[in-house]
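Reader: I work mostly at the bench, and I would like to learn how to read a structure feature by feature. Could you take me through this one?

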Amino acid sequence: MTQEAIERVRSSLGRSRLRWSPQREQIVLAFLKQDHITIRSLYGFLNRNGRRTPLNTIYRTMRVLCENGFAQARRFGEETQYDNISTKGDHDHLICTGCGHIVEFEDPAIEELRQQVALANGFHLTGRNLELYGLCAGCRSYPVPPAMA
Ligand SMILES: [Zn+2]
Ligand SMILES: [Zn+2]
């Protein structure tokens, strides 16, 4: 993760009239290091070791990151994940319902199929959000307790 990414965020937050502060920089840095992160884990990370980053500051910063095309709020299962799209293009997701693990993927065959389905139904696609749910290899290797089998 580069200083350049931080600078891009910083200047666009300036355009949204959001005051830049060391606290905001910490939020942005923590976010840019992840592919996806929830507000809850950001809050936990930023408030370890007795530091104080209020929840509303995190919410507000993430909202502005979304408005400026650095983040995309996606609802996977229970919680909203903020997808770090600062350095990647459109992509799809595999989501583990056991542990929440997320795998990003791009597949040209799926992309083509998507276009065909849209065309056949008279749609012009403007967004992309294919989510496949299942259990990851790690979760499948746990034996199922007899009561739940
Ligand atoms: Zn993603
Ligand atoms: Zn899993």
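Author: Let us start with a word that will be needed shortly: a contact means heavy atoms within 4.5 Å. Please also keep in mind that this is a predicted model.

Reader: With that word in hand, which elements cover the buried residues of α2?

Author: A residue is called buried when its relative accessible area is under 20%. In helix α2, which runs over residues 22-32, the buried residues are R24, I27, V28, L29, A30, F31 and L32. Their cover includes the helices α1, α3 and α4 (55-67), together with the strands β1 (36-38), β2 (71-76) and β3 (79-84).

Reader: How many helices and strands does the protein have, and in what pattern do they follow one another?

Author: The protein has 6 helices and 6 strands, and along the sequence they are arranged as α-α-β-α-α-β-β-β-β-α-β-α. The C-alpha trace spans about 50 × 50 × 25 Å along its principal axes, and of the 149 residues 34% are buried. Among the contacts with a separation of 6 or more, 52% are between residues 24 or more positions apart.

Reader: Let me turn to the metals, beginning with the zinc ion (ligand 2): which residues coordinate it, and what is the geometry of the site?

Author: The general idea is that ideal angles at a metal are 109.5 degrees for four tetrahedral donors. In this model the zinc ion (ligand 2) is held by the SG atoms of C96, C99, C136 and C139, at 2.2 to 2.3 Å. The angles among these 4 donor atoms run from 105 to 112 degrees, and the site is tetrahedral. Along the sequence the donor residues follow the spacing C-x2-C-x36-C-x2-C. Because C96 belongs to strand β4 (residues 92-96) while C136 sits in the loop between β6 (131-134) and α6 (137-140), this pair ties together parts that are 40 residues apart in sequence. C96 is buried, at 5% relative accessibility.

Reader: And why is the arrangement around the zinc ion (ligand 1) irregular?

Author: Here the idea to hold on to is that six octahedral donors would ideally give angles of 90 or 180 degrees. The protein donors of the zinc ion (ligand 1) are H36 (NE2), D83 through two OD entries, H91 (NE2), H93 (NE2) and E104 (OE), and they lie 2.0 to 2.7 Å from the ion. The arrangement is irregular because the 6 donor atoms subtend angles of 51 to 165 degrees. In sequence the donor residues are spaced H-x46-D-x7-H-x1-H-x10-E. Since H93 lies in strand β4 and E104 in strand β5 (residues 102-105), that pair ties together parts that are 11 residues apart in sequence. H93 is buried at 0% relative accessibility, whereas E104 is partly exposed at 26%.

Reader: How should I read the salt bridges, and how many does the structure hold?

Author: Side chains of opposite charge can pair when their charged atoms come close. The structure holds 9 salt bridges, and one of them joins E4 to R8, with N and O 3.2 Å apart. These two residues are separated by about one helical turn, because they stand 4 residues apart in helix α1 (residues 3-15). E4 is partly exposed at 48% relative accessibility, and R8 is partly exposed at 34%.

Reader: Is the salt bridge between E111 and R114 made by buried or partly exposed residues?

Author: One of each: E111 is partly exposed at 22%, while R114 is buried at 16%. Salt bridges that share partners also join D35, R74, D83, K88 and E104 into one network. Within the pair of E111 and R114 the closest N and O atoms are 3.0 Å apart, and the two residues lie about one helical turn from each other because they are 3 residues apart in helix α5 (residues 108-120).

Reader: What about D83 and R74, how buried are they?

Author: D83 and R74 meet in a salt bridge of 2.9 Å, N to O. D83 is buried at 0% relative accessibility, and R74 is buried at 5%.

Reader: Finally, which residues make the nonpolar surface patch?

Author: Y43, L55 and Y59 make a nonpolar surface patch of about 280 Å². Y43 lies in helix α3 (residues 39-46) and is partly exposed, at 34% relative accessibility. For the protein as a whole, the accessible surface comes to about 9,700 Å², and 53% of that belongs to carbon and sulfur atoms.

Methods
Residues are numbered from 1 along each chain as its sequence is written. Chains are lettered from A and ligands numbered from 1 in the order in which they are written. This is a predicted model: local features need pLDDT of at least 70, side-chain atom pairs count only at pLDDT 80 or more; totals for chains, interfaces and linings use all residues. Side-chain values use heavy atoms; hydrogens and water are left out. A salt bridge is a side-chain nitrogen of Lys or Arg within 4 Å of a carboxyl oxygen of Asp or Glu. Buried means under 20% relative accessible area, exposed over 50%, partly exposed in between (1.4 Å probe, protein chains only). Patches are made of residues with over 30% relative accessible area and no salt bridge: like charges are joined within 9 Å, nonpolar side chains (Val, Leu, Ile, Met, Phe, Trp, Tyr) within 5 Å. Accessible areas come from the Shrake-Rupley method with a 1.4 Å probe; for residues, only the protein chains shown count as cover. Donors are N, O and S atoms within 2.8 Å of the metal (3.2 Å for Na, K and Ca); water is not among the atoms, so sites may look incomplete. Four donors count as tetrahedral if all angles lie between 85 and 135 degrees; four count as square planar and six as octahedral if opposite donors are over 155 degrees apart and all others between 65 and 115; anything else is irregular.
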